[in-house]
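Visitor: Please take one part of this model and go through it closely. I would like the geometry, the packing and the individual residues treated together.

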Amino acid sequence: MRTGSEPVTARSPLRMRLWLSLWGVAWTLFGVVAFSLADRPGWAAACGVLLAVTAADFAVIVHRMRQGSRFQPGREVPPYEPDHADGRTHRPWTRTP
């Protein structure tokens, strides 16, 4: 059941993000090793920080992929409001004066 204005054929970009994060992990790991061997500790530390960011992104992506396609947010997240095509927005969960 669709709850928003997304296209019927919408696809998740998680698989693409997974491969891009793996590419980033590989390059930053290479950078850490190469700059450590070249005796450039500043650049090695910068690549280490980027390695931590890309590894965290990879972990988040794997977590989201394991949740599956049927993951639904909790009751505190209101449903998406469909586009009315006339510029108005109707939000039944907010009060209007």
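Guide: The buried residues of helix 1 pack against helix 2. The model is a predicted one, and every value below is computed from it.

Helix 1 covers residues 14-37, and helix 2 covers residues 41-67. The 24 residues of helix 1 should span 34 Å at 1.5 Å a residue, and the end C-alpha atoms of helix 1 are 34 Å apart, which agrees. Just after helix 1, Asp-39 has a positive phi of about 60 degrees.

Next, the arrangement of the pair. The axes of helix 1 and helix 2 come within 8 Å and cross at roughly 155 degrees. Angles over 145 degrees count as roughly antiparallel, and helix 1 and helix 2 are therefore roughly antiparallel to each other. Their crossing is left-handed. Sorted by type, the residues of the contact between helix 1 and helix 2 comprise 17 nonpolar, 7 polar and 3 charged.

On the helix 1 side, the buried residues are Leu-14, Leu-18, Ser-21, Gly-24, Thr-28, Gly-31 and Val-32. Two of these, Ser-21 and Thr-28, can be followed across to their partners.

Ser-21 lies in helix 1. Its relative accessibility is 4%, and buried means under 20%, so Ser-21 counts as buried. Leaving aside residues up to four places away in sequence, Ser-21 touches Thr-54, Asp-57, Phe-58 and Ile-61. Asp-57, one of these partners, belongs to the charged class.

Thr-28 also has its place in helix 1. With a relative accessibility of 9%, Thr-28 counts as buried. Under that sequence exclusion, the residues touched by Thr-28 are Cys-47, Leu-50, Leu-51 and Thr-54. Thr-54 thus appears in both sets of partners, that of Ser-21 and that of Thr-28.

Ala-26, another residue of helix 1, is not among the buried ones: its relative accessible area is 44%, so Ala-26 is partly exposed. Ala-26 can still be placed relative to Leu-51, one of the residues that Thr-28 touches. Ala-26 and Leu-51 are 25 residues apart in sequence, while their C-alpha atoms are 8.6 Å apart in space.

Taken together, the part is a roughly antiparallel pair of helices with a left-handed crossing, in which the buried residues of helix 1 pack against helix 2.

Technical notes:
Residues numbered from 1 in each chain as written. Predicted model: local features only at pLDDT ≥ 70, side-chain atom pairs only at ≥ 80, totals over all residues. Heavy atoms only, no water. Axes fitted to C-alpha atoms, helices over the stretch in contact; angles between N-to-C directions. Helix = DSSP H or I, 4+ residues; strand = E, 2+ residues; numbered from the N terminus. Parallel < 35°, antiparallel > 145°, perpendicular 65-115°, else oblique. Left-handed = near helix turned anticlockwise from the far one by under 90°. Buried < 20%, exposed > 50% of the residue type's maximum accessible area, 1.4 Å probe, protein only. Contact = heavy atoms within 4.5 Å. Expected span 1.5 Å × (residues − 1).
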